[in-house]
Number of protein chains: 2
Amino acid sequence: MAEALSLNRFRVVLSHPSHPGNIGAVARALKTMGLSRLYLVNPRSFPDPEAETRASGATDVLANAVVCSSLTEALTGVTMAAAFTARRRELALPMQWARQAATTLAEAAQQGDVALVFGNETYGLSNEELAMCQLPVMIPANPEYSSLNLGAAVQLMCYELRIATQDLGEAPASFGDLATVDEVEQMIGHFQSTMTASGFFNPDNPKRLMPRLRRMFGRIRLERDEVNILRGMLSSFQFPEKFHKRD
Amino acid sequence: MAEALSLNRFRVVLSHPSHPGNIGAVARALKTMGLSRLYLVNPRSFPDPEAETRASGATDVLANAVVCSSLTEALTGVTMAAAFTARRRELALPMQWARQAATTLAEAAQQGDVALVFGNETYGLSNEELAMCQLPVMIPANPEYSSLNLGAAVQLMCYELRIATQDLGEAPASFGDLATVDEVEQMIGHFQSTMTASGFFNPDNPKRLMPRLRRMFGRIRLERDEVNILRGMLSSFQFPEKFHKRD
């Protein structure tokens with residue numbers, strides 16, 4: 001992805017949704033992932049206060065939702081429609097898992113609008129609706145309980161689309177400066193001399209103590225500040241009189 | 001992943017959840033992805049009929065939920081805890097995106113139990129709670145509206161864990177037998193002869209017609225049955241008298 005693809009190319013279509021609360025949850029799911037275009041085919045109740053409540057801060061998505069009387073109308077202008085289905089369907093096209101489908105749809109969206117079509121909570125999509133879509137998609141789920149809530153299914157797919165289209169960059173890290181190898185070596189030497197003085201380490205019978213310490217510190221990519229803290233601690237064991245307040 | 005890792009190694013911990021409905025949605029999210037172990041630290045109201053309703057068929061997850069009085073108690077026995085946070089935190093460890101974290105946690109789960117810790121809906125996790133976790137995790141979201149519902153956040157992470165630990169295999173496909181290259185070639189020849197007879201194709205001035213047809217059919221991986229349907233159609237154009245009922 002040379003440049004982040006606009007998420008405005010994607011519309012989410014709910015066909016015959018029964019529960020206004022789910023419409024609200026879907027609006028919120030869209031907005032959290034940066035989508036905004038919601039189409040509703042024959043919703044049982046819309047607008048509805050329950051939808052507003054569940055939408056939380058995403059009432060703008062509800063306010064701009066397009067209510068249609070047929071799936072054909074909701075798909076006007078799209079060049080590809082993906083149908084979400086929880087089961088294998090007769091005569092279906094080859095299916096894709098949600099993650100793979102996100103890549104397919106992101107590619108299609110470079111050439112035109114793309115629709116994600118979700119069916120009724122109980123009945124799913126009709127065969128006629130399914131036949132209007134070019135890509136059947138399944139979300140991986142527990143085969144013994146694959147009953148994903150409508151809002152949850154939309155959330156997962158919008159999340160996949162966000163990842164497939166946006167450059168996330170590195171996860172935010174609040175690293176301090178890392179210690180260099182020589183600073184860590186000096187610290188390990190400091191441990192050794194301090195433990196020798198305390199009698200915990202016997203240079204004539206070293207066993208595996210130093211390799212174990214080295215292995216442990218090797219795993220954690222110490223920061224410079226942490227090396228300084230540990231060396232300060234070691235110094236306090238060596239020279240406690242320097243660290244006690246003298247008042 | 002040589003062998004599918006048991007999802008029983010993962011526990012989901014909700015710290016101070018306010019809304020019983022969210023607890024139910026979380027139970028459902030767990031079960032859809034094959035997880036089952038839910039821990040609740042000081043829930044405001046549990047058990048609660050609202051949780052039962054939103055759990056849909058996942059009431060077994062609620063029935064087996066462990067109620068704790070502190071996060072320490074909920075983390076007893078785990079070897080790694082991941083903290084979900086919507087913002088960058090002071091003094092935090094390096095964060096991982098949810099997808100990367102799923103791989104990290106799947107590896108950790110090979111050696112012991114792993115916890116996914118989610119904070120209160122409004123306040124998130126306290127600094128003390130965060131400090132008990134070894135891996136801060138962020139879910140990619142719209143920076144202008146990152147307000148993921150608690151159930152939605154748990155759903156996304158459980159989905160990532162399912163993908164990271166289970167071998168999904170190929171998406172279900174109900175393919176018929178594919179046509180072989182020679183069968184497709186014969187069909188294209190059939191198109192050419194029929195269109196020549198009808199006058200639509202002029203062999204003396206072929207233009208780009210045959211390459212265009214070939215390109216189109218090349219894109220759709222025809223099945224044998226489809227080739228037969230198309231050839232039957234061509235025959236009906238050539239010899240309509242054979243196809244009209246004679247009664």
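Contact here means heavy atoms within 4.5 Å. By that yardstick, 46 residues from chain A and 46 residues from chain B take part in the contact between them. Keep in mind that this is a predicted model. Here's a quick tour of the interface, the symmetry behind it and a few backbone oddities.

**The interface overall**

- Putting chain A and chain B together buries about 3,800 Å², with 60% of that on carbon and sulfur atoms.
- Between chain A and chain B there are two salt bridges.
- One pairs the side chain of Arg99(B) with that of Glu160(A), at 2.9 Å from N to O.
- Polar contacts turn up in 16 residue pairs across the interface of chain A and chain B, counting pairs with both residues at pLDDT 80 or more.

**What chain A brings to it**

- On the side of chain A that touches chain B, the elements giving two or more residues are α1 (20-32), α2 (49-55), β5 (96-97), α5 (98-108) and α7 (150-165).
- The largest share of that side comes from α7(A), which puts in seven residues.
- Sorted by type, the residues on this side of chain A come out as 25 nonpolar, 12 polar and nine charged.

**Symmetry**

- A turn of 180 degrees, with a shift of 0.0 Å along the axis, lays chain A on chain B with an RMSD of 0.1 Å.
- The two copies are therefore related as by a two-fold rotation axis.
- Both copies use the same surface, and 100% of the contact residues of chain A recur in chain B.

**Cis peptide bonds**

- In chain A, the peptide bond from Phe46(A) to Pro47(A) is cis, with omega near -5 degrees.
- Pro47(A) sits in the loop between β2 (37-41) and α2 of chain A.
- Over in chain B, Phe46(B) and Pro47(B) are also joined by a cis peptide bond, with omega about -5 degrees.
- Pro47(B) is in the loop between β2 (37-41) and α2 (49-55) of chain B.

**Positive phi outside glycine**

- Asn42(A) isn't a glycine, yet its phi is positive, near 45 degrees.
- You'll find Asn42(A) in the loop between β2 and α2 of chain A, and it is partly exposed, with a relative accessible area of 35%.
- Ser56(B) is another non-glycine residue with a positive phi, near 55 degrees.
- Ser56(B) belongs to the loop between α2 and α3 (59-63) of chain B, and at 36% relative accessibility it counts as partly exposed.

Conventions:
Residues are numbered from 1 along each chain as its sequence is written. Chains are lettered from A and ligands numbered from 1 in the order in which they are written. This is a predicted model: local features need pLDDT of at least 70, side-chain atom pairs count only at pLDDT 80 or more; totals for chains, interfaces and linings use all residues. Side-chain values use heavy atoms; hydrogens and water are left out. Buried area is the accessible area (1.4 Å probe) that two parts lose on being put together, summed over both. A salt bridge is a side-chain nitrogen of Lys or Arg within 4 Å of a carboxyl oxygen of Asp or Glu. A polar contact is a pair of N or O atoms within 3.5 Å; within protein, one must be able to donate a hydrogen and the other to accept it, and residues adjacent in sequence count only if both atoms are side-chain atoms. Helices (H or I, at least four residues) and strands (E, at least two) are DSSP runs, numbered from the N terminus. Ala, Val, Leu, Ile, Met, Phe, Trp, Tyr, Cys and Pro count as nonpolar, Asp, Glu, Lys and Arg as charged, and the others, Gly among them, as polar. Copies are superposed by least squares on the C-alpha atoms of residues with pLDDT of at least 70 in both. Buried means under 20% relative accessible area, exposed over 50%, partly exposed in between (1.4 Å probe, protein chains only).
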